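Biologist: I'd like a close look at the aromatic rings, please. Start there, and then carry on to whatever else in the backbone I should have on screen.

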Amino acid sequence: MSRGSGANSVYYYTLLLNFDAQCIYLYRDYHGGMQTKIFLDEGEMPKRWYNIQADLPTPLDPPLNPATGKPATPDDLRHIFPMELIRQEMSTKRYIDIPAEVRDILTLWRPSPLYRARRLEAALKTPAKIYYKWEGVSPPGSHKPNTAIPQAYYNREEGIERLATETGAGQWGSSLAFATSLFDMKCTVYMVRASYEQKPYRKSMMQVYGAECIPSPSVKTRSGRMVLGRDPETPGSLGIAISEAVEDAASHENTNYALGSVLNHVCLHQTIVGQEAREQLAVAEAYPDVVIGCVGGGSNFAGISFPFVGEKITGKHPDTEIIAVEPAACPTLTKGLYTYDYGDVAGLTPIMKMFTLGHDFVPPAIHAGGLRYHGASPLLSRFVQDGMIQPVAYYQNEVFEAAVTFARTEGIVVAPEAAHAVKATIDEALRCRETGEAKVILFNNSGHGNFDFSSYEAYFAGMLVDYEYPVELIKESLSRLPVMG
């Protein structure tokens, strides 16, 4: 039947509402441009992850074995990672199949919806079209299960019984706890102390899923005891928590380590987000002029951006602007060095070429706990170094102001981490208001803020400090980078 017009056509499309949500939104877009969200069917969820390493003009600088200083081999990593993840970490194959069992679990919430932020556009009086990928629909409430599920799966397949990990704000820890519960595995999470105290309900969620949650630094590991010996009141950091989790995994035969960001295979798993977004934008006959994501280690940013960065590299869409947003209190990309450094405080991880503030850098206890990491993904760092991605840093008060604007227009209370992307999006939209450009802006709304109301309470009480880490202290931390022979 053709679209037609009049009462019969309206009646026909009203019936479709009961059968195909995507059709009704297409209908609304066709009749007056009222489209607000775009769904994909479960069968349209990507069956493969996109590996951007295949499209790099030159290979990444290899990670180095911390003991020898030589390029790390698969055997160097086998004591903490399953072989399939090691293969993915080093692969240059453009697409990697998603196992059927993993895809089946991902359909609990995927494909996630793409929203058009019409109310925000109207409030900003901007000609820009703002779209956001809403990852808060996952059971733990963020993008993190996109990699937690496959990581738990590959470890289970190799007979691993327990996973040890770190977490900042708790989104990764609760996601891995969720994943291990589905595969009948145990999970131990070292949660950065500042976030452990700020976000108690993330700890509760991990416990509901059966995981053990320990404030880091702790007395359970040599790494934790070493840090506490230097500073008993330390707020902790992701670098410290990583050391504890790696030490835990390396000292137990039935345990492996799982990381929620930074590494190539983690970024790979997250590309399901950007691939879905590209298909959803095609439904709206749009392509992003600007792609935005927040950055701690780089996982959600890679997820939304790498499919578009790939098309920028290959010349299919060379003019797309890619913006990486970080906190001014932990300015890895904007004030760090692009060099080799450890991924953790104790120097247990491979040495990676990345933007870093120094592996023993301890940022202040800002409320965007998931963005308090001294380094960044080697892939993301490479693109920043090459000028493919533009980094920007914000203070936390202006970030929360943007989050409140978003909540009062779009209705969603976002996590402080995701609010950084909201702030950059609003700034881009206001620039469009000044220039008159009707750009298409896409950002990754990476998680909800339902467990972050103590942070919002502090904002409304005027208790948030706009902390900018002193350049002298950054230089001091960078002075202790590993010496490369």
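**Rings, helices and unusual backbone spots**

Modeller: In this predicted model, Tyr153 and Tyr154 are both buried. They belong to a set of 17 aromatic pairs in the structure. The rings of Tyr153 and Tyr154 sit 5.2 Å apart, centre to centre, with 65° between their planes, an edge-to-face pair. The label follows because anything over 60 degrees counts as edge-to-face. Now compare that with Phe453 and Tyr456: their ring centres are 6.1 Å apart and the planes meet at 45°, so this pair is tilted.

Phe453 and Tyr456 share helix H19, which spans residues 453-460. They are three residues apart there, or about one turn of the helix. Their surroundings don't match, though: Phe453 has a relative accessible area of 45%, so it is partly exposed, while Tyr456 comes in at 6% and is therefore buried. The cut-off for buried is under 20%. Both rings also belong to one aromatic cluster, together with Phe400, Tyr459 and Phe460.

From rings to helix packing. H8 (residues 171-182) and H10 (residues 200-208) pack with their axes 8 Å apart and at an angle of about 10°. Angles under 35 degrees count as roughly parallel, and H8 and H10 therefore run roughly parallel to each other. On the H8 side, the contact is made by Gln171, Gly173, Ser174 and Ala177. H10 brings Arg202, Met205 and Met206. Sort the residues of this contact by type and you get three nonpolar, three polar and one charged. If the polar count looks odd to you, it's because Gly is put among the polar residues here.

Just along the chain from there, look at the loop between H8 and strand E7 (186-192), where Asp184 sits. Its phi is near 55°, which is positive although Asp184 isn't a glycine. Asp184 has 76% relative accessibility, so it counts as exposed. Glu285 tells a similar story: phi is again near 55° in a residue other than glycine. Its loop runs between helix H13 (264-283) and strand E10 (290-294). With 77% relative accessibility, Glu285 is exposed too. For background, most residues other than glycine have a negative phi, and most peptide bonds are trans.

That brings me to the cis bonds. One joins Arg110 to Pro111, with omega about -5°. Pro111 lies in the loop between helix H5 (100-106) and strand E4 (114-116). Another cis bond runs from Ser216 to Pro217, where omega is near 5°. You'll find Pro217 in the loop that links strand E8 (212-216) with helix H11 (222-230).

Last, a word on confidence. The average pLDDT for the protein is 91, and 91% of the residues score at least 70. Over residues 1-33, however, the pLDDT is below 50, and in the model this stretch has 28 contacts beyond near neighbours in sequence.

Key:
Residues numbered from 1 in each chain as written. Predicted model: local features only at pLDDT ≥ 70, side-chain atom pairs only at ≥ 80, totals over all residues. Heavy atoms only, no water. pLDDT = per-residue confidence, 0-100. Contact = heavy atoms within 4.5 Å. Axes fitted to C-alpha atoms, helices over the stretch in contact; angles between N-to-C directions. Helix = DSSP H or I, 4+ residues; strand = E, 2+ residues; numbered from the N terminus. Parallel < 35°, antiparallel > 145°, perpendicular 65-115°, else oblique. Phe/Tyr/Trp six-rings, centres within 6.5 Å; stacked < 30°, edge-to-face > 60°. Buried < 20%, exposed > 50% of the residue type's maximum accessible area, 1.4 Å probe, protein only.
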